[in-house]
Amino acid sequence: MKERTLAIIKPDAVKKHAIGDIIRRYEEAGIHPIALKMSTLSKSTAEGFYAVHKERPFYNDLTSYMASGPVVVLVLEGENAIKTNRDLMGATDPKKAEAGTIRAAHGASIEENAVHGSDATETAQFEIGFFFPELNS
């Protein structure tokens, strides 16, 4: 089933110049960018995006980190895009991520784990609408 998902190349991966490699991995897996922008999130934008985690102990660190430098936000489209992207990303902790995954290749820690990806259809719809409202018609 063709679907869309949101991906974010996080500040640590941007700083390591891994953007091209990460996008290549998406494309080789059959999920292609249909929208892309690079920006530095404000703290309030990061807080709005991660509002679902507001009560979690890591929320402040996460939102500060996501506002600490440039990110690349992408909408990926393809067959089973959400699952494909989740499989490509690997485990949240890069030390536990399978070899060949983005996080195994580019992540440094649970906090600096290179990429974000939507985890479900409903999440993808919210996340795409958050950054690309023109795509949610």
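**A Dialogue on a Predicted Model**

Biologist: Is K10 buried or exposed?

Modeller: In this predicted model, K10 has a relative accessible area of 7%. A residue counts as buried when that value is under 20%. Because 7% falls under this cut-off, K10 is classed as buried.

Biologist: Where in the chain is K10 placed?

Modeller: Strand β1 covers residues 2–9, and helix α1 covers residues 11–15. K10 stands between these two elements, in a loop. Its place is therefore the loop between β1 and α1.

Biologist: Which residues does K10 touch, if those up to four places away in sequence are not counted?

Modeller: A contact requires heavy atoms within 4.5 Å. Among the residues that K10 touches are Y50, Y65, M66, P70 and V71. The list is completed by N113, A114, V115 and H116.

Biologist: How far apart in space are K10 and V73, C-alpha to C-alpha?

Modeller: In sequence, K10 and V73 are separated by 63 residues. In space, the distance between their C-alpha atoms is 8.6 Å.

Biologist: How many residues of β1 are buried?

Modeller: Strand β1 is largely enclosed by the rest of the structure. That description follows because, of its 8 residues, the number buried is 6.

Biologist: Which strand is joined to β1 by 8 bridges?

Modeller: Two partners of β1 can be considered. Strand β4 (residues 115–117) runs antiparallel to β1 and is joined to it by 3 bridges, with I9 partnered by V115. The other partner (residues 71–79) also runs antiparallel to β1, and it pairs K2 with E79 and T5 with L76. The strand with 8 bridges to β1 is β3.

Biologist: How many bridges join β2 to β3?

Modeller: Strands β2 and β3 run antiparallel. Residue L36 stands opposite L74 in β3. The number of bridges joining β2 to β3 is 7.

Biologist: Why is β3 described as largely enclosed by the rest of the structure?

Modeller: Strand β3 has 9 residues. The description is given because the number of them that are buried is 8.

Biologist: Which residues have the most contacts inside the largest nonpolar core?

Modeller: This core has 18 residues. The elements giving two or more residues to this core are β1, α1, α2 (19–28), β3 and α5. A second, separate core has 17 residues, including Y59, M66, V75 and I128. Inside the largest core, the residues with the most contacts are I9, I22, Y26, L74, I102 and V115.

Biologist: Which residues are in contact with I22, leaving aside its neighbours within four places in sequence?

Modeller: I22 is one of the residues with the most contacts inside the largest nonpolar core. With its sequence neighbours set aside, I22 is in contact with I9, A13, I102, H106 and V115.

Biologist: What is the volume of the largest pocket?

Modeller: A probe the size of a water molecule, rolled over the atoms, shows where empty space is left. For the largest pocket, the volume is about 660 Å³.

Biologist: Which lining residues are the closest to the centre of the largest pocket?

Modeller: The lining of this pocket has 26 residues, and by class these are 10 nonpolar, 8 polar and 8 charged. Elements α3 (43–49), α4 (59–66), β4 and α7 (121–131) each supply at least two of them. The lining residues closest to the centre are Y50, H53, F58, L62 and H116.

Biologist: Which elements do the buried residues of α7 pack against?

Modeller: The buried residues in α7 are A124, E127, I128, G129 and F131. One of them, A124, has a relative accessible area of 2% and touches R4, T5, I82 and S118, with residues up to four places away in sequence not counted. The elements that the buried residues of α7 pack against are β1, β2 (32–39), α3, β3, α5 (81–89) and β4.

Biologist: Is H17 buried or exposed?

Modeller: H17 is found in the loop between α1 and α2. Its phi is positive, about 60 degrees, although it is not a glycine. Because its relative accessibility is 73% and the cut-off is over 50%, H17 counts as exposed.

Biologist: What is the relative accessible area of A114?

Modeller: A114 lies in the loop between α6 (102–106) and β4. Its phi is also positive, near 75 degrees, in a residue other than glycine. A114 is buried, with a relative accessible area of 0%.

Conventions. Residues are numbered from 1 along each chain as its sequence is written. This is a predicted model: local features need pLDDT of at least 70, side-chain atom pairs count only at pLDDT 80 or more; totals for chains, interfaces and linings use all residues. Side-chain values use heavy atoms; hydrogens and water are left out. Helices (H or I, at least four residues) and strands (E, at least two) are DSSP runs, numbered from the N terminus. Buried means under 20% relative accessible area, exposed over 50%, partly exposed in between (1.4 Å probe, protein chains only). Two strands pair if DSSP finds at least two bridges between them. On a 1 Å grid over the protein atoms alone, a cavity is a set of points where a 1.4 Å probe fits but cannot get out, and a pocket is an open set with protein on both sides within 12 Å along at least five of seven lines; lining residues have an atom within 4 Å of a point. Grid points are joined across faces, edges and corners, and a volume is the space filled by probe spheres set on the points. Ala, Val, Leu, Ile, Met, Phe, Trp, Tyr, Cys and Pro count as nonpolar, Asp, Glu, Lys and Arg as charged, and the others, Gly among them, as polar. A nonpolar core is a set of buried Ala, Val, Leu, Ile, Met, Phe, Trp, Tyr and Cys residues joined through side-chain atoms within 4.5 Å.
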